[in-house]
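Visitor: Could you take me on a close look at the aromatic rings in this structure? I would like to see who pairs with whom, and how.

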Amino acid sequence: SQPDLLDAALDCCRKILEHYPQQFLARQFLIEGYLKLEKTREALQECLTLLAFYKEGAEWVIGKCREMIKKEPFAREVLGYAYLSHGDPSRATLEAETLLAQDRNHSPAYVLLGEIFLTQRLSRKAVEAFHKALELDPNSRLIHARYAGAREKELELEAESIKKRLAEDKW
């Protein structure tokens with residue numbers, strides 16, 4: 001039957017991705033297969049993985065997320081990351097803010113905001129966003145790592161600023 005063939009094809013894709021995790025077409029087929037099986041969450045998770053390896057796939061992911069957005073709220077978060085990968089931080093911010101308008105305690109939305117702020121070199125705002133995410137989800141290793149990275153970036157920029165002021169100071 002058709003679903004059995006699809007399951008077998010998806011198993012083959014998973015095996016390919018075990019050996020070649022950056023293989024775009026196999027991941028794309030896996031996403032499409034999950035969508036046919038109405039496994040939206042799994043498809044979205046694979047979209048995030050695809051973006052991590054292949055930023056050029058952002059436009060394709062944006063299209064897929066737009067299709068899924070009514071069925072799955074998590075699609076908005078993935079859409080935000082896709083816009084960020086596509087070089088559109090304003091649309092990514094809009095997606096994060098929409099998530100926060102729906103639920104002020106949604107820590108992944110604050111993580112997304114933190115990532116957006118980092119790409120815009122707004123490290124202080126990134127630290128604030130990651131700190132809020134940590135307050136909501138204090139046991140997340142991912143958020144701790146992102147917070148530490150943003151804090152480090154903030155201190156680096158502060159040090160650069162101080163060095164610049166020292167160099168400009170005639171005394």
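Guide: Happy to; here is a walk through the aromatic rings, one pair at a time. Please keep in mind that this is a predicted model. The structure holds 2 aromatic pairs. Let us begin with Phe24 and Tyr54, whose ring centres are 4.6 Å apart. Their planes meet at 40°, and because edge-to-face calls for over 60 and stacked for under 30 degrees, this pair is tilted. Phe24 sits in helix H2, while Tyr54 belongs to the loop between H3 and helix H4 (58-68), so this pair links distant parts of the chain, 30 residues apart. Tyr54 itself is partly exposed, with a relative accessible area of 33%.

Now turn to the other partner of Phe24. With Trp60, Phe24 forms an edge-to-face pair, 6.4 Å from centre to centre and with 75° between the planes. Trp60 lies in helix H4 and Phe24 in helix H2, so their pairing ties together parts that are 36 residues apart in sequence. Like a good host, I should mention surface too: Trp60 is partly exposed, at a relative accessible area of 22%.

Put the pairs side by side and you have a cluster, in which ring pairs link Phe24, Tyr54 and Trp60. Phe24 takes part in the tilted pair with Tyr54 and in the edge-to-face pair with Trp60. If you want to find these rings on your screen, start at helix H2 for Phe24 and go to helix H4 for Trp60, then look in the loop between H3 and H4 for Tyr54.

Notes. Residues are numbered from 1 along each chain as its sequence is written. This is a predicted model: local features need pLDDT of at least 70, side-chain atom pairs count only at pLDDT 80 or more; totals for chains, interfaces and linings use all residues. Side-chain values use heavy atoms; hydrogens and water are left out. Rings of Phe, Tyr and Trp (its six-membered ring) pair if their centres lie within 6.5 Å; planes under 30 degrees apart count as stacked, over 60 as edge-to-face and the rest as tilted. Helices (H or I, at least four residues) and strands (E, at least two) are DSSP runs, numbered from the N terminus. Buried means under 20% relative accessible area, exposed over 50%, partly exposed in between (1.4 Å probe, protein chains only).
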